[in-house]
Every structure is written in structure tokens, then in C-alpha cells.
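Trainee: I would like a close look at one part of this chain, the salt bridges. Please go through the charged pairs and then set them against the rest of the fold.

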Amino acid sequence: MKNHMAQKIALTGLMAALSYVVFTFLQIKIFLPGGDATSIHLGNAVCVLGALLLGGVYGGIGGAIGMTIGDLLDPVYVVYAPKTFILKLCIGLITGLIAHRIGKISEETDHKRVLLWSSLAAAGGLLFNVIFDPLAGYFYKLLILGKPAAEITLVWNVASTSINAVISLIVSVAVYMALRPAMKKTGLLNDMIGKKRLV
């Protein structure tokens, strides 16, 4: 049991590091009026991949920690770190819930059903982000930060979040489907989800 938990914590840390690196170094930053910015990145793909591999709780925590650290170390995004942590955790929780509780992908043997439920789970988590990231960003900027350019940046945030969602869905599901056979063969996939299949 200790070894199992150590593996899960180590892989959660790996997902956090990977989401930080992908978000920080592989992003296309778009500067907006008022000193704000949005970006095209694959950080959400790592968050979804973590939820598919580790379950929603650990995958969400890994993605949330990595992208929050990315925000904290970027002067443009530092004020959005609390929002990032909550939203990325929710991506993982929703993806894990759909994939493991509803679709039961860790038990499924039919390749097409695994692909279907992995895609639906990724779409569910990322759709949440497409809706709530721009909305939360808008109200966060307007009410908490008092930025008058909140309306202008809302349109840009919707566009970039939608692009991120499409790219992240394709990448996360493709990588999961590529990793799954090897992880299943070694028993690592079942060890990571466990019999309780946390969301």
C-alpha cells in the first residue's frame, strides 16, 4: 500500500512538473490591452492526461499545481494563480469522474469504447474550462482587480480557451491511447486508479 501511494504521489509530481514545463515554455503568449495576456498552450492537455492516467483527484492536483506555479513565476499571470488552481483542479475532477466512474475506462477492454469514453471525459473537463475560465477571468478582473479592460479581454480569452480545448483534447487522448497498452500490460494503469477508482 505504501509503495502504491508513493508511486501515485511521484506520478502526480511528474504531471505537475510536466504541466509547468508545457505551460511555461511551450506557450504562445498574446498580449492584450491593459497589460494583460492570454496564451495558446498545452497545460490543460497534461491536466486531462493526468486525470485519465491517475484518476481525477491526483491528475487534477498535478495539473493544478504545475500551472499555478507557472502563473506564480510569470509577472503577467501571477494575480490569476488562485483562479488557475481551482479551475485546473476542476478539469481533472470532471475528466476523472466521466472517465473512471461513468465510463470505467480502467476496466474496459474494448479499444473503441476506451477511445470514446476518454474523448468524452476530456471533452467534459475541457468544456467546463471553456465556459468557466473566461467567465471567472472576467469577474476576477472586473470585481477583484478592478481592470476596466475586462470586456475587451473576455473575447480574446474565449477564443484562446476554445483553441486550447480542441488542441488539448486531441493531444491528451492520443497520448493516453498510446500509453495505455504498455501501462495495462505492466499493471501500472490499474495500480494508479485502484479498485476504488477515485473520480
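Mentor: What follows takes the fold in outline, then the charged pairs, then a buried serine and a nonpolar patch.

The model is a predicted one. The chain holds 7 helices and 2 strands, and along the sequence these run in the pattern α-β-β-α-α-α-α-α-α. Of the 199 residues, 48% are buried. Among contacts with a separation of 6 or more, 75% join residues 24 or more positions apart. The accessible surface is about 9400 Å², and carbon and sulfur atoms account for 76% of that area.

Now the charged pairs. Side chains of opposite charge can pair when their charged atoms come close. The count for this chain is 4 salt bridges. One of them pairs D74 with K29, with 2.5 Å between the closest N and O atoms. This pair links distant parts of the chain, since D74 sits in the loop between helix 3 and helix 4 while K29 belongs to strand 1 (residues 28-32), 45 residues away. The two partners are covered to different extents: D74 counts as buried because its relative accessible area is 12%, under the 20% limit. K29, at 26%, lies above that limit and is therefore partly exposed.

Another salt bridge joins D133 and K88, whose closest N and O atoms are 3.4 Å apart. Here too distant parts of the chain are linked: D133 is in helix 5 (residues 111-144) and K88 is in helix 4, with the two positions 45 residues apart. D133 and K88 are both buried. The pair is also part of a salt-bridge network that takes in K83 along with K88 and D133.

E108 and R113 form a further salt bridge, with an N to O distance of 3.2 Å. E108 has a relative accessibility of 18% and so counts as buried. R113, at 37%, is partly exposed.

K29 also leads to a polar residue in the second strand. S39, which lies in strand 2 (residues 36-40), has K29 among its contacts beyond the neighbours within four places in sequence. The other residues in that set are F23, Q27, I28, I30, Y77, S160 and N164. With Q27 there is a polar contact between the two side chains, at 3.3 Å. S39 is buried, as its relative accessible area is 5%.

The loop that carries D74 also holds V79, and V79 belongs to a nonpolar surface patch of about 660 Å². The other members of the patch are I65, I69, L72, L73, V78, F85 and I86. Helix 3 (56-72) and helix 4 (81-102) are the elements that give two or more residues to the patch, and the largest share, 3 residues, comes from helix 3. V79 is partly exposed, because its relative accessibility is 33%.

Last, the record. An unreviewed UniProt entry lists residues 12-32, 44-65, 85-102, 114-132 and 152-179 under "transmembrane region". In the model, the 85-102 stretch is 100% helix and 0% strand, with its end C-alpha atoms 25 Å apart. The 12-32 stretch is 67% helix and 24% strand, and its end C-alpha atoms are 33 Å apart.

Terms used
Residues are numbered from 1 along each chain as its sequence is written. This is a predicted model: local features need pLDDT of at least 70, side-chain atom pairs count only at pLDDT 80 or more; totals for chains, interfaces and linings use all residues. Side-chain values use heavy atoms; hydrogens and water are left out. Patches are made of residues with over 30% relative accessible area and no salt bridge: like charges are joined within 9 Å, nonpolar side chains (Val, Leu, Ile, Met, Phe, Trp, Tyr) within 5 Å. Accessible areas come from the Shrake-Rupley method with a 1.4 Å probe; for residues, only the protein chains shown count as cover. A salt bridge is a side-chain nitrogen of Lys or Arg within 4 Å of a carboxyl oxygen of Asp or Glu. Helices (H or I, at least four residues) and strands (E, at least two) are DSSP runs, numbered from the N terminus. Buried means under 20% relative accessible area, exposed over 50%, partly exposed in between (1.4 Å probe, protein chains only). Contact means heavy atoms within 4.5 Å. UniProt positions are given in the numbering used here, feature names are shortened, and annotations may be inferred rather than shown by experiment. A polar contact is a pair of N or O atoms within 3.5 Å; within protein, one must be able to donate a hydrogen and the other to accept it, and residues adjacent in sequence count only if both atoms are side-chain atoms.
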